[in-house]
Amino acid sequence: MFRFVARSAAGKHLLRRGYATESVPDRKVAVLGAAGGIGQPLALLMKLNPLVSQLALYDIANTPGVAADVSHVNTRSEVAGYVGEEQLGKALEGSDVVIIPAGVPRKPGMTRDDLFNINAGIVKGLCAAIAKYCPNALVNMISNPVNSTVPIAAEVFKKAGTYDEKKLFGVTTLDVVRAKTFYAGKAKVNVADVNVPVVGGHAGITILPLFSQATPKANLAEEDIKALTKRTQDGGTEVVEAKAGKGSATLSMAYAGAIFADACLKGLNGVPDVVECSFVQSTVTELPFFASKVRLGKNGVEEVLGLGPLSDYEKEGLENLKPELKASIEKGIKFANQS
Ligand SMILES: NC(=O)c1ccc[n+]([C@@H]2O[C@H](COP(=O)([O-])OP(=O)(O)OC[C@H]3O[C@@H](n4cnc5c(N)ncnc54)[C@H](O)[C@@H]3O)[C@@H](O)[C@H]2O)c1
């Protein structure tokens, strides 16, 4: 197939396929924490995404090297590196999507909540800058504990008068990626065909994979479903322990972050029926934030989809996760409002 990218008079990129012409809008993506374990492979994967025209890589250290390296890849986007707080505004200005993997990762024996004290402050500062420099951007929050960092971001944006619940996302895609991989292995089906919604939150038992809705159907035994659920919930810890003090998931997380950002960009560009699970402001349960399937559109969240029919085991898991998720959300809101 004949394919090239050219600039139109209006400065927009035009993507031509044979005789059919469709426009691909310019889109700026900023990665905050771009020199980190997740940030670097995520920067590479976003450089490979043809929907991105400008890629801004920001960190408190080491971004010039990462940006120089990634910029040599011969794909559409122009790459710029920004280092230190005085360059944060420039990194953010004009961004359509901001991805945040800034912060410290877990070490063996730590829960995601143990990261709260350091990461809450980092996220708060970065979100204040987003409110100032790119208040309309979609924000993809990767920094843990996501169950608290998303409510913190919401509070920061509310205070700045820029909060739009359609534009704030906790990235839970890695839970979906893991659930798909583990299910395909157990059910002996092609992993590329597998779909599994994962709802709730992004820590331990708050991660609730809905294997009763998994496709292709496999009729797995109850104990297999329980083992798959536990492995999905503990997937992050599996990596933390295997890395033995050298951090948490970075490569699979970068992959998951790139999938989610791509879905956001497709939604912004008007591609229909883009659906991914994400931790968003929600009325699906009584909790103010909850992860479920979300339809993405030109303004971010187009529709938060319901849970669908649950098995008895999943209904029990849903009730069990609520107190922990509620406490994590409240902890985030309290932090944002008292500090
Ligand atoms: N959502 C998920 O599924 C998921 C999965 C894995 C890890 N994580 C989280 O992602 C975060 C990053 O993990 P990592 O392994 O890349 O850690 P890392 O330590 O390798 O990298 C973090 C980067 O953030 C940078 N940073 C620190 N403070 C900053 C600030 N104020 N502004 C900009 N950058 C800043 C650091 O300089 C570093 O380069 C952690 O909070 C981790 O728990 C989330």
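**Group meeting: ligand shell, domain contact and one helix pair**

Helix α4, residues 116-133, gives the most to the shell around the ligand, with four residues. Helices here are DSSP runs of H or I with at least four residues, strands are runs of E with at least two, and both are numbered from the N terminus. This is a predicted model, where local features need pLDDT of at least 70 and side-chain atom pairs count only at pLDDT 80 or more, while totals for chains, interfaces and linings use all residues. Residues are numbered from 1 along each chain as its sequence is written.

Staying with the ligand, 33 residues surround it, and Gly33, Gly36, Gly37, Ile38 and Asn144 come nearest. A residue counts as near if its C-beta atom, placed from the backbone, lies within 6 Å of the molecule. By class, the shell has 18 nonpolar, 13 polar and two charged residues. Nonpolar covers Ala, Val, Leu, Ile, Met, Phe, Trp, Tyr, Cys and Pro; charged covers Asp, Glu, Lys and Arg; the others, Gly among them, are polar. Both domain 1 and domain 2 supply at least three residues each to this shell.

Now the domains. The assignment for the protein chain gives domain 1 as 4-172 and domain 2 as 173-331, with bounds from an automatic or database domain assignment. Their C-alpha centres lie 21 Å apart. The contact takes 41 residues from domain 1 and 43 from domain 2; two residues are in contact if their C-beta atoms, placed from the backbone, lie within 7 Å.

Which elements give two or more residues to the domain 1 side of that contact? They are α1 (39-47), β7 (97-100), β8 (138-141), α5 (146-160) and β9 (168-170). Of these, α5 gives the most, with six residues. By class, this side has 24 nonpolar, eight polar and nine charged residues.

Last, a helix pair. The axes of α6 (residues 173-187) and α7 (residues 222-233) come within 9 Å and cross at roughly 145°. Axes are lines fitted to C-alpha atoms, for helices over the stretch in contact, and angles run from 0 to 180 degrees between N-to-C directions. On the α6 side, Asp175, Arg178, Ala179, Phe182, Tyr183 and Lys186 meet Asp224, Leu228, Arg231 and Thr232 in α7. The residues of this contact divide into four nonpolar, one polar and five charged.
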